[in-house]
Amino acid sequence: MVRTTIFIILFSSILGASSFEQNCLNCHGDDFKFNMMMKKYTLKYSSEKKIKKAIFEYLKNPTFEKSILPVGYLNRFGIKEKTSLDDKLLKEMIDVYYDKFNMNSKLY
Amino acid sequence: MYKSEKQTIIYVLALYLSSTLLLIATLFTSYYFYKQEQLTHSEKELLKEYSLTLEDKLLSVHESSDEKYEYPRFKDFNSAIYDIDKNLIFSTLKTQVTDLDKEFFFIGSNSYYISSLQPYYLGAAYTVIEKKTTPMNILNELVTLAIVVIIITIITSFFLVKLVLKPLRDNLRLLDNFIKDTTHELNTPITTILANIETLDPQNCDEKSMKKLQRIKTASTTVSNLYQDLVYLLLNHQVSSQNEELNLSDMLNQRIHYFTHMANIKKLNIHAEIEENVYFNADKQKIERLIDNILSNAIKYTDKETNINITLTSTLLSVSDEGKGMSEDEINKIFERYRRFDKTQGGFGIGYDIIKSIIDEYDIKIDIKSVINKGTKVILTW
């Protein structure tokens, strides 16, 4: 029973990680500053719930107002396109992103 | 120092001291609370400063490019950070805080300061600072100061009271000396009058003169009795008791005989049931004063042509009259000096004061039973 549970967790996390690579890193690439983005979201939204909600809303419908990037950057590169992922998958990806990069878990 | 003077000093001192103490207590309590308030304020300011220090550190940690973030720790205080939804992010607190709405408060010996933060470095929307409260050491100082002030107040008030009472004391001493001198001067003429009346031959006098002589004798006996009371009162504090085995039966008979003339004037019938050879160990002069006062009171306050019953047993002496009697209230106040209920009769109202001092000295119990318009019965038991 314990083995099965561990297996399922490992499998799902590998699956989650691989789908994160497929759905996110595919475009953003390895050099994308995920860490920096998380810092900016943390600085503005504080809690896990609020950060996830803000990311979700931005990715669903990106606007200048919702973006946390500096204005100069936005002026130069514009805002990203709407996500093609469905809500469920998008939320899963945001969860994986939060788990991997949130600041709280790195505090000691 | 007189007993009444001592009492007055005690009362005035008590009043003065209690009001002064009340004032001191109020002042000190206000001062204590003021200091406490001051301490709370300075404590809060200090914690506010710590909170800013923490904020600076949080900023630098947030901006660092390290893989892991080391939460800032301080020697002087502990801290915790909470996110906007009041979830704990990190804490070094010894006691966790549940309510983030209060700004400054104490839990046990620690003081806490909560401030909100923006932007949210490390996600912190609230910072909590915990510090061991600086102890307030003024209580011991205040108690010592209060004791010193109280001692000074007691000493000053004592001298103040003595100073205020001085004119009164001088007047009292003057009056006392006057009474002493007068009393002393009364002795010789009274003795002379009484001795000369005794030496008069009744056969040489007609009935009218004899009656007049009897009246003079009774009046002189009354004055002599008063003289004895005054001497007793004035010397009471200075002369120690010369106790001896007294034959109360003989003494009582003698004293009844002494008052016979006085009783005859009011046509009183004295019925005496005196057990023989009743002995009592006491000072003769004092017991004489005791019996004289009870007998003279009975004679003085009884109605004309009534009976006075006197009983003596080995444990009891009772004297009853058929006079106007006393109320319960009057009986309760009878032992006060200079208390006289019937102003038509002579005297200073010192009789029962003398009786009280003697019965107290010899542990004699007194019981006064009185019915208005029927009479009074005084019972002494030992």
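Among contacts in chain A between residues at least 6 apart in sequence, 55% join residues at least 24 apart. This comes from a predicted model, so please read the values below as computed ones.

Chain A is made of helices: its secondary structure comes to five helices and zero strands, in the order α-α-α-α-α from the N terminus on. The chain has 108 residues, and 35% of them are buried. On the outside, chain A exposes about 7300 Å², of which 60% is supplied by carbon and sulfur atoms.

Let us turn to the second largest pocket. Its volume is about 960 Å³, and 35 residues line it. If you would like to find its centre on screen, look for A:His28, A:Phe32, A:Tyr58, A:Leu59 and A:Lys80, the lining residues that lie nearest to that point. Helices H1 (2-28), H2 (34-45), H3 (48-60), H4 (71-77) and H5 (87-101) of chain A each give two or more residues to the lining. H1(A) gives the most, with six residues. By class, the pocket lining has 23 nonpolar, seven polar and five charged residues.

Now for chain B. The domain assignment gives domain 1 (3-138) and domain 2 (235-381). Taken over C-alpha atoms, the centres of these two domains of chain B are separated by 77 Å.

The model also has enclosed spaces, with a count of two cavities of 30 Å³ or more. The table sets them out.

| Cavity | Volume | Lining by class | Largest share of the lining |
|---|---|---|---|
| Largest cavity | about 60 Å³ | nine nonpolar, no polar, no charged residues | three residues from helix H5 (284-301) of chain B |
| Second largest cavity | about 30 Å³ | eight nonpolar, no polar, no charged residues | three residues from H5(B) |

Who are the residues behind these numbers? The largest cavity is lined by B:Leu248, B:Phe280, B:Ile287, B:Leu290, B:Ile291, B:Leu317, B:Ile364, B:Leu380 and B:Trp382. Around the second largest cavity you will find B:Ile256, B:Phe259, B:Ile270, B:Leu295, B:Ala298, B:Ile299, B:Ile308 and B:Ile310. In chain B, helix H4 (248-265), H5 and strand S9 (307-312) each supply at least two residues of the second largest cavity's lining.

Helix H5 of chain B is a handy landmark here: it provides the largest share of the lining in the largest cavity, and H5(B) does so in the second largest cavity too.

Key: Residues numbered from 1 in each chain as written. Chains lettered and ligands numbered in written order. Predicted model: local features only at pLDDT ≥ 70, side-chain atom pairs only at ≥ 80, totals over all residues. Heavy atoms only, no water. 1 Å grid on protein atoms, 1.4 Å probe; cavity = no way out; pocket = protein on both sides within 12 Å on 5 of 7 lines; lining within 4 Å. Points joined across faces, edges and corners; volume = space filled by probe spheres on them. Helix = DSSP H or I, 4+ residues; strand = E, 2+ residues; numbered from the N terminus. Nonpolar A, V, L, I, M, F, W, Y, C, P; charged D, E, K, R; others polar. Buried < 20%, exposed > 50% of the residue type's maximum accessible area, 1.4 Å probe, protein only. Contact = heavy atoms within 4.5 Å. Areas by Shrake-Rupley, 256 points an atom, 1.4 Å probe, with all protein chains shown as cover. Domains from an automatic or database assignment.
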